[in-house]
Amino acid sequence: MTGSPTRTLLLWCPDWPVLAAEIVDGIPATGPVAVLHANRVVACSERARAEGVRRGLRKREAQGRCPQLTVVDYDPGRDARAFEPVVAALEELVAGVEVVRPGACAVAARGPSRYLGGEEAAAERLIEHVAQSCLVESQVGIADGVFAAGLAARTGRVVAPGGTPAFLAGMPVEALGRSALADLLRRLGVRTLGDFAALPAGDVLARFGFDGALAHRLAAGRDHRPLAVRQPPADLTVTAGYDDPIDRVDAAAFAARALAEQLHARLAGHGLACTRLGIEAVTEHGQELHRVWRHDGLLTAAAIADRVRWQLDGWLSGSSGRAGARPARPTSGIIRLRLIPDGVVAQAGLQTGLWGETGEERERAHRALSRVQGILGPEAVVTAVLGGGRSPADQVRLVPWGDERLPTRPGPPAVAGVGMGAGAGAGPAAGRGGGIPPWPGRLPPPAPAVVLPSPLAATVHDAAGEPVVISARLAVSAPPARLVVGAGQPAEIVGWAGPWPVDERWWAPAEAHRRARFQVSLADGAALLLAVESGQWLVEAIYD
């Protein structure tokens, strides 16, 4: 990797996930708003920051600091769809715009600076044009390389040519955007990008691997992308034609996934990986659409499919942003889709996995499941993702095959087991495991074999035939003796444990849930998980 980084102009829209929620969902960004992913704040509005909300806070802590906080789920598709009008507005003034991520896009600074009267004049013109066209505030940074330009955009700074290493030297290592690497570097005493850049490149590669070596180049102001990227051979481009024009986002997304798999397989066959992706679409009326997406890492098949899906969603939905009807929805459906690996690097470090992480067996299984999805639809094949939560239904999320496997809530933590006894017992004990905070009141192992989609109403009576009730202080009126589920026959209870109280979201009355759980074993050998909420007994799950 030799040569000098390209002089880059990067336009950045602050708090874009919050702004996208306003554009798409109508949630006012002027109020206290936080965007959450995996129960942590990933973006927040200026009003929320004034109340003490920060990125990385858990939902409960953020709401404790700002009780009026409006919580929005993170949706990268929404962010990309809302950003399309901004990119279209930029293309009215400059050519070769590359989307780094929703909310940020980059272009070589040489052209705009020459015909707009200099770098600072070009930055002011682009900011003004985006504000007038899309009613979106933005900042521009100019430096040597995309990475440095992105950091410069945070303060709206133009770094002088050749001054990028000095500009980066005082930045904390967290600016690399690699939390695990930054944490390790700090524990080793490396706190700034200048300290990291001073380390020998060979030692960094040996200790931190390929990704660490790329981060080391960024810290030194040597943007790796223009140096590592080469023009791919023409046969790497993949194209698909459609007899029936595609005009629905769901159909386009499904077609994009198949094409992304084909591109990824073709790149893998040449030992390459994509870092910059060109997406082209042609409509039935001959309209041509084109966009380039840039990625900080190596684009996997899933990452390629995500970006194609986001882009098609932006085109087909005809998102108009805040400024009106631009860009307009295509006049007809898409009849041809083309993916162009505009930038590739040698894919290093991939080999057949000893235990099947990669290799033929995994690929065969993936192809088989993808074919089933092609026949029955994307939602026909799902995998379970374990996460945190207090009830069995909260701890499992079903994700379509090929989608990102992220839990709804962080977890699962390690939990101490509690057996079923003949009398009332203590509540479940939660322990700390894997660095994830515990979930107080979480159901202990073993997990139920069957979790009912909708709890079944039931009644519980004591030996005298009187209903068993639970007081506000969790006192049981009498030992449970018989259980009736719905209109079924009474079943004798031979063992029980509980009550275990759960009081969730007490600070939000509209979302609050207060219940007590019991485990019961029946005379026929069945074991059930019961819950009492608002005086009603419910069957939540069934044990083996």
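A salt bridge here is a side-chain nitrogen of Lys or Arg within 4 Å of a carboxyl oxygen of Asp or Glu. With that in hand, R187 and D183 qualify, since their side chains meet at 3.2 Å, N to O. Please keep in mind that this is a predicted model.

**The overall picture**

Let's begin with the whole protein. It holds 16 helices and 21 strands. Of its 544 residues, 46% are buried. The accessible surface comes to about 26400 Å², and carbon and sulfur atoms account for 53% of that area. As for contacts between residues at least 6 apart in sequence, 57% of them join residues at least 24 apart.

**Salt bridges**

How many salt bridges does a search of the whole structure find? The search finds 17. Three of them are set out below, with the N to O distance for each pair.

| Pair | N to O distance |
|---|---|
| R291 and E91 | 2.8 Å |
| R187 and D183 | 3.2 Å |
| R517 and E540 | 3.2 Å |

The salt bridge between R291 and E91 links distant parts of the chain, 200 residues apart. R291 sits in strand β10 (residues 288-299), while E91 belongs to the loop between α4 (76-90) and β5 (98-101). Are these two partners buried or exposed? R291 has a relative accessibility of 3% and therefore counts as buried. E91 is partly exposed, because its relative accessible area is 36%.

The pair R187 and D183 is a local one: both residues lie in helix α9 (residues 179-187), four residues apart, which is about one turn of the helix. R187 reaches 59% relative accessibility and so counts as exposed. D183, at 43%, counts as partly exposed.

For R517 and E540, the closest N and O atoms are 3.2 Å apart. R517 is in strand β19 (residues 513-522) and E540 is in strand β21 (residues 536-543), so this salt bridge ties together parts that are 23 residues apart in sequence. Why does R517 count as buried? Its relative accessible area is 2%, and buried means under 20%. E540 is buried as well, with a relative accessibility of 10%. There is a wider arrangement to look at too: R515, R517, E533 and E540 are linked in a network of salt bridges.

**The barrel**

Strands β19 and β21 also appear in a barrel, which six strands close in the order β16-β17-β18-β19-β20-β21 with antiparallel pairing. Neighbouring strands of this sheet are turned by 40 degrees against each other on average, direction ignored. Within the barrel order, you can look at one pairing in detail: strand β17 (residues 482-485) and strand β18 (residues 491-504) run antiparallel and are joined by two bridges. Here R482 stands opposite E492 in β18.

**A nonpolar patch on the surface**

Finally, let's turn to the outside of the protein. Which residues make the nonpolar surface patch of about 350 Å²? They are V382, L386, V396 and L398. Strands β12 (382-386) and β13 (396-400) each supply at least two residues of this patch. One of its members, V396, is found in strand β13. V396 is partly exposed, because its relative accessible area is 40%. That value fits the patch criterion, which asks for over 30% relative accessible area.

Methods:
Residues numbered from 1 in each chain as written. Predicted model: local features only at pLDDT ≥ 70, side-chain atom pairs only at ≥ 80, totals over all residues. Heavy atoms only, no water. Patch = residues over 30% accessible without salt bridge, like charges linked within 9 Å, V, L, I, M, F, W, Y side chains within 5 Å. Areas by Shrake-Rupley, 256 points an atom, 1.4 Å probe, with all protein chains shown as cover. Buried < 20%, exposed > 50% of the residue type's maximum accessible area, 1.4 Å probe, protein only. Contact = heavy atoms within 4.5 Å. Pairing = 2+ DSSP bridges. Axes fitted to C-alpha atoms, helices over the stretch in contact; angles between N-to-C directions.
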